[in-house]
Amino acid sequence: MSVVAIKPNTLFEEQNPILVQARASALENKTPYAGGIHPTDAWRLFASGEATLIDVRSAEERKFVGHIAGSVHVPWATGINLVKNPRFVSELSAKVKKDTIILLLCRSGKRSALAAEALTKAGFKHVFNVLEGFEGDIDSQTQRGRHNGWRFHQLPWLQD
C-alpha cells in the first residue's frame, strides 16, 4: 500500500475542520487517501451540498438493506460473490469530477476504503471514506447495526 500525501487545493476544504482533521489523521496513520469521516460528519457535509456521497455497495445491498436519498451509486463489487467491478473508476469518472469532495460509503467501511485508495491512485484529489459504513461492524452476536454505522447513528436513509 503506497501513501499519497495530497494537499487540499480548495478553499472550502482548507477551512472545513472536519476535512482538515480527516487529512491530518490520514497523514499520521499513513492512509493512502484523504482520510476517514465519521457518519454524522459525512451527513453534515452531504446534506449541506459540500460533498458528494458515493454508495459503493452492490445494487442488491442498496435495494434490500437501504440507501441514502441523493447518493450516487457506483458499485465497487457486484453480484452475490462481490466480484470487484473492473469499471469502477471509469464509471465514477463519468459521474463525478476529479476535484469533487467525495465521501465513499459501503456496508462497514472496508470496501469503501479500497475504493478510496483506487480513486486516489486514479487522480481524484479529495476522496474520504465514511467510517463504520452503512450497517456498521459485526458485533459479538455476528450482527450489524448494534454499535456503529450510518443507520445506528439514526441518520436519514430509505428502504425500497
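Start in the loop between α2 and β1 (35-37) of this predicted model. Select Lys 30, which sits in that loop. Its phi is positive, about 55°, although Lys 30 is not a glycine. Most residues other than glycine have a negative phi. Is Lys 30 buried or exposed? Lys 30 is exposed, with a relative accessible area of 57%.

Next, go to the loop between β4 (77-78) and β5 (83-84) and pick Leu 82. Here too is a residue that is not a glycine but has a positive phi, about 50° for Leu 82. Leu 82 is partly exposed, because its relative accessible area of 32% falls between the 20% and 50% limits.

Stay with β5 (83-84) and select Lys 84 together with Trp 76. Lys 84 lies over the face of Trp 76, at 4.7 Å from the ring centre.

Now turn to the interior. Show the largest nonpolar core, which has 19 residues. Which members touch the most other members? Colour Ile 37, Leu 53, Leu 103, Phe 128 and Trp 150. Then highlight α2 (17-29), α3 (39-47), β6 (101-105) and β7 (126-130), the elements that each give two or more residues to this core.

Centre on Ile 37. Leaving out residues up to four places away in sequence, Ile 37 touches Ile 18, Leu 19 and Ala 22, and also Ala 42 and Leu 45. Leu 103 and Phe 128 are further contacts of Ile 37, as are Asn 129, Val 130 and Leu 131. Apart from the largest core lies another core, of 18 residues. To find this other core, select Tyr 33, Ala 77, Cys 106 and Phe 124, which are among its members.

Move on to the aromatic rings. How many aromatic pairs does a search of the whole structure find? The search finds 4. Display Phe 134 and Trp 157: the ring centres are 5.8 Å apart and the planes stand at 90°, so this pair is edge-to-face. Both residues lie in the segment after β7, and the pair ties together parts that are 23 residues apart in sequence. Compare their exposure. Phe 134 is buried, with a relative accessible area of 0%, whereas Trp 157 is partly exposed, at 32%.

Keep Phe 134 on screen and add Arg 57. Arg 57 lies over the face of Phe 134, at 4.3 Å from the ring centre. Phe 134 therefore has Trp 157 as its edge-to-face partner and Arg 57 over its face.

For the last stop, return to Trp 150, one of the core residues coloured earlier. Add Trp 43 and Phe 46. With Trp 150, these residues form one aromatic cluster.

Note on methods. Residues numbered from 1 in each chain as written. Predicted model: local features only at pLDDT ≥ 70, side-chain atom pairs only at ≥ 80, totals over all residues. Heavy atoms only, no water. Core = buried A, V, L, I, M, F, W, Y, C linked by side-chain atoms within 4.5 Å. Buried < 20%, exposed > 50% of the residue type's maximum accessible area, 1.4 Å probe, protein only. Helix = DSSP H or I, 4+ residues; strand = E, 2+ residues; numbered from the N terminus. Contact = heavy atoms within 4.5 Å. Phe/Tyr/Trp six-rings, centres within 6.5 Å; stacked < 30°, edge-to-face > 60°. Lys NZ or Arg CZ within 6 Å of the ring centre and 35° of its normal.
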